[in-house]
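Student: Could you take me through one part of this structure closely, starting from its aromatic pairing and moving outward? I would like the cut-offs along the way.

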Amino acid sequence: MFGKKNDEDQRFYIKSSEDVPTLGRIIVLVDRETGVNYLQTWVGSGSGITPLLDANGQVVVED
């Protein structure tokens with residue numbers, strides 16, 4: 001239960017990661033169970049996470 005899990009056993013995986021000058025690190029996570037994409041930001045010593053939305057304001061979901 002507390003040991004290292006295989007990547008396939010993890011509920012979330014990192015789809016992309018980018019360091020943006022003055023903004024910090026931006027990561028797109030995907031929930032393997034629901035397919036929902038999340039945008040996670042790391043700025044200084046703080047962070048935040050929110051569902052990733054498309055141009056129409058709909059949650060981005062993997063097929």
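Tutor: Here is a walk from the aromatic pair to the strands and residues around it. This is a predicted model, in which local features need pLDDT of at least 70, side-chain atom pairs count only at pLDDT 80 or more, and totals for chains, interfaces and linings use all residues. Residues are numbered from 1 along each chain as its sequence is written, and side-chain values use heavy atoms, with hydrogens and water left out.

A search of the whole structure turns up 1 aromatic pair. The ring centres of F12 and Y38 are 6.2 Å apart and the planes meet at 70 degrees, so the pair is edge-to-face. (Rings of Phe, Tyr and Trp, the last by its six-membered ring, pair if their centres lie within 6.5 Å; planes under 30 degrees apart are stacked, over 60 edge-to-face, and the rest tilted.) The pair links distant parts of the chain, 26 residues apart: F12 sits in strand β1 (residues 12–20) and Y38 in strand β3 (residues 37–43). Strands here are DSSP runs of E with at least two residues, numbered from the N terminus. F12 is partly exposed at a relative accessible area of 40%, and Y38 is also partly exposed, at 21%. (Buried means under 20% relative accessible area, exposed over 50%, and partly exposed in between, with a 1.4 Å probe and protein chains only.)

From Y38's strand we can step to its neighbour: β3 and strand β4 (residues 46–51) pair in the antiparallel sense over 6 bridges. Two strands pair if DSSP finds at least two bridges between them. One of the bridge partners is I49 in β4, matched with Q40. The hairpin of β3 and β4 has 2 residues between the strands, and G44 takes a positive phi near 60 degrees there.

Next comes D31, which belongs to strand β2 (residues 24–31). D31 counts as buried, at 2% relative accessibility. The D31 side chain reaches the backbone nitrogen of E33 at 2.8 Å, and a polar contact of 3.3 Å joins the side chains of D31 and T34. (A polar contact is a pair of N or O atoms within 3.5 Å; within protein, one must be able to donate a hydrogen and the other to accept it, and residues adjacent in sequence count only if both atoms are side-chain atoms.)

Finally, D9 lies in the segment before β1 and is partly exposed, at 48% relative accessibility. The C-alpha atoms of D9 and R32 are 9.4 Å apart, with their positions 23 residues apart along the chain.

Definitions and conventions. Helices (H or I, at least four residues) and strands (E, at least two) are DSSP runs, numbered from the N terminus.
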